[in-house]
Amino acid sequence: MDNLPAGYTKIDIQGKLNYNTGPNEVVAGVDDNSVYIHFNDSFGLVSIAIYNESNTLVYYCVLDTDIQSTVIIPFTNTNGNYSVMFDNATGSAMGEFER
């Protein structure tokens with residue numbers, strides 16, 4: 001899956017969750033009500049954390065990507081700049097978005 005659902009603005013993700021994966025291992029986007037994340041491969045347990053511009057954690061979960069490859073996070077936080085971070089046992093990735 002390379003494309004986002006209609007209405008989402010792409011979040012550019014940098015980094016790698018696994019040494020052997022390509023540049024599009026994670027597809028992420030944001031709209032007015034949610035953050036969409038899709039993993040194009042299985043990476044085991046992946047922590048997903050979203051921080052606001054004050055570096056305050058506003059969302060956190062651990063997703064088992066062996067079972068679930070897509071998550072839609074309800075996100076109606078105030079407007080501003082946010083970062084989303086992904087970590088697993090073999091790597092990390094992150095992206096920034098504005099809402």
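1. V84 and its surroundings. In this predicted model, V84 makes contacts well beyond its own stretch of sequence: once residues up to four places away are set aside, V84 touches I11, I13, I37, I48, A49, I50, A93, M94, G95 and F97. V84 also belongs to the largest nonpolar core, where V35, I37, F39, I48, V84, F86 and F97 are the residues that touch the most other members. Three of the contacts listed for V84, namely I37, I48 and F97, therefore recur in that group of core residues, given that heavy atoms within 4.5 Å define a contact.

2. The nonpolar core. The largest core holds 23 residues, and its members are drawn from many parts of the chain, with at least two residues supplied by each of β3 (26–30), β4 (34–39), β5 (45–52), β6 (57–64), β7 (70–74), β8 (81–88) and β9 (91–98). Across the chain as a whole, buried residues make up 40% of the 99 residues.

3. Overall fold. The chain contains nine strands and zero helices, and the order of elements along the sequence is accordingly β-β-β-β-β-β-β-β-β. The radius of gyration of the chain is 13 Å, close to the 13 Å that the globule rule gives for 99 residues, so the chain is as compact as a globular protein of that length. Measured out along the principal axes, the C-alpha atoms fill a box of roughly 35 × 30 × 20 Å.

4. Contacts and surface. Among the contacts in the chain with a separation of 6 or more, 51% are accounted for by residues 24 or more positions apart. The accessible surface of the chain comes to about 5,600 Å², and carbon and sulfur atoms contribute 46% of this area.

5. Strand β3. This strand is mostly covered, since five of its five residues are buried, which here means under 20% relative accessible area. The cover extends to both faces of β3, with V26, A28 and V30 buried on one side and V27 and G29 buried on the other.

6. Pairing partners of β3. Strand β1 (residues 9–11) pairs with β3 in the antiparallel sense over three bridges, and in this pairing K10 stands opposite G29. β3 also pairs with β4, again in the antiparallel sense, over five bridges, and here the bridge partner of V27 is H38 in β4. The connection from β3 to β4 is a hairpin of three residues.

7. N88, a polar residue under cover. N88 is found in strand β8 and is buried, with a relative accessible area of 15%. A polar atom of the N88 side chain lies 3.2 Å from the backbone oxygen of F43, while the side chain of N88 also reaches the backbone nitrogen of G91 at 2.9 Å. Leaving aside neighbours within four places in sequence, N88 is in contact with L17, F43, L45 and V46, so that F43 appears both in this list and as a polar partner, the latter resting on a limit of 3.5 Å between N or O atoms.

8. N55, a backbone detail to check. N55 lies in the loop between β5 and β6 and has a positive phi of about 65° although N55 is not a glycine. At 59% relative accessibility, N55 counts as exposed, whereas N88 is buried at 15%.

Terms used: Residues are numbered from 1 along each chain as its sequence is written. This is a predicted model: local features need pLDDT of at least 70, side-chain atom pairs count only at pLDDT 80 or more; totals for chains, interfaces and linings use all residues. Side-chain values use heavy atoms; hydrogens and water are left out. Helices (H or I, at least four residues) and strands (E, at least two) are DSSP runs, numbered from the N terminus. The radius of gyration is taken over C-alpha atoms; the globule rule is 2.2 Å times the number of residues to the power 0.38. Buried means under 20% relative accessible area, exposed over 50%, partly exposed in between (1.4 Å probe, protein chains only). Accessible areas come from the Shrake-Rupley method with a 1.4 Å probe; for residues, only the protein chains shown count as cover. A nonpolar core is a set of buried Ala, Val, Leu, Ile, Met, Phe, Trp, Tyr and Cys residues joined through side-chain atoms within 4.5 Å. Two strands pair if DSSP finds at least two bridges between them. A polar contact is a pair of N or O atoms within 3.5 Å; within protein, one must be able to donate a hydrogen and the other to accept it, and residues adjacent in sequence count only if both atoms are side-chain atoms.
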